[in-house]
Amino acid sequence: MSRGEAAHTAKAYQVPAIERSMLILQALQQHGPLGLADLVSATGLSRTTCYYLVRTMAKARLVESDGETRKIHLGIRLVELGSAATEQIGYLGVIKRYILDLLDEMDATFVIYRRLDRGRVTIVDKVEPRHRLRVTVPLGSTLPIQGGSFGRCFLAYDEPAAVREVLSAGLQRRTERSITDVERFLTEIATVRERGWAMDREGFALGVSTVAAPVLHHGKPLLVVAALTMAGTLADDTTAERWGRRLREICDIASTTLHQHHRAPVAVHPPEDER
């Protein structure tokens, strides 16, 4: 079967109602509560289609409507499903167990990222310090893979041609400290792969510095763990180096545990027909 035939066959088995329902859920995730008109605008669905899908999803408690504002928001059933999914995805529990060992060593919030496709990642879990200042990040957030130390950890293990394709539209300037030169970015990615961890000082968000390392499975990043902290905490290279090496060590231990128990799924990589 040719690549075109395979893509056509896969498309034939897609269910439009599910795809459209996901558009609604993703819009509510990204924008928060929306009125029907705004939801139609955000999803591109017709008003009639959107209305009946929302009614059906409301019966399943996937979405709910505020009685006063009439705005639609994500429903309680998604919280229940999310909790069950987290429990069933056992490899996250393995990784978080090792991250807990770092809470007393690093004044940081630890965030776990998973790759969605070649150009995007999502936050799947986090570990926060209980009694110290923390950097708050919302679970489920979708971020461009170019951003921050987490993206560099994923891209460092891609083929060079695939990386250049991701960067073909250039690099986004999020702050005045963002790297926008592609060749410099590629050099940094090579360094990340060599040493096993990445560093970002306020390039993704002002006031926040991050150190990140990948949890490898069969030689590819399954997840990336990043330590987020106030910029001043990692102002000197010695501290950044110590954090990077320690995070790399913890991720290696988690990788070994997952390999021994075969609990991790295959790492996410772009399908051949999307490259």
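Strands β7 and β8 (residues 220-230) pair in the antiparallel sense over 10 bridges. The model is predicted. Strand β7 (residues 208-217) also pairs with β6 (residues 198-201), again in the antiparallel sense, over four bridges. The points below cover these strands, the nonpolar core, the cavity and the cysteines.

**Strands β6, β7 and β8**

- Nine of the 10 residues of β7 are buried, so the rest of the structure largely encloses this strand.
- In the pairing with β8, L216 stands opposite P221 of β8.
- β7 and β8 form a hairpin with two residues between the strands, and H218 takes a positive phi near 55° there.
- In the pairing with β6, R201 stands opposite S209 of β7.
- Six residues lie between β6 and β7, which form a hairpin as well. E202, in the turn of that hairpin, has a positive phi of about 60°.

**Nonpolar core**

- In soluble globular proteins, nonpolar side chains tend to be buried together.
- The largest nonpolar core here has 30 residues. I95, F110 and V225 are the members that touch the most others.
- At least two residues of this core come from each of α6 (90-99), β3 (109-117), β7, β8 and α10 (237-261).
- The element that gives the most to this core is α10, with seven residues.

**Cavity**

- Rolling a probe the size of a water molecule over the atoms shows where empty space is left.
- One cavity of 30 Å³ or more is present in the structure.
- The volume of the largest cavity is about 140 Å³. Its lining is made up of 14 residues, of which Q146, G147, G148, Q172 and I179 are the closest to the centre.
- By residue class, the lining of the largest cavity has five nonpolar, six polar and three charged members.

**Cysteines**

- A disulfide is a covalent bond between the sulfur atoms of two cysteines.
- With a cut-off of 2.5 Å between cysteine sulfur atoms, the structure has zero disulfides.
- For C153, the closest cysteine sulfur is that of C251, at 8.2 Å, and this is too far for a bond because a disulfide needs the two sulfur atoms within 2.5 Å.
- C153 has 0% relative accessibility and therefore counts as buried, the limit being under 20%.
- C50 is also buried, because its relative accessibility is 0%.

Terms used:
Residues numbered from 1 in each chain as written. Predicted model: local features only at pLDDT ≥ 70, side-chain atom pairs only at ≥ 80, totals over all residues. Heavy atoms only, no water. Buried < 20%, exposed > 50% of the residue type's maximum accessible area, 1.4 Å probe, protein only. Pairing = 2+ DSSP bridges. 1 Å grid on protein atoms, 1.4 Å probe; cavity = no way out; pocket = protein on both sides within 12 Å on 5 of 7 lines; lining within 4 Å. Points joined across faces, edges and corners; volume = space filled by probe spheres on them. Nonpolar A, V, L, I, M, F, W, Y, C, P; charged D, E, K, R; others polar. Core = buried A, V, L, I, M, F, W, Y, C linked by side-chain atoms within 4.5 Å.
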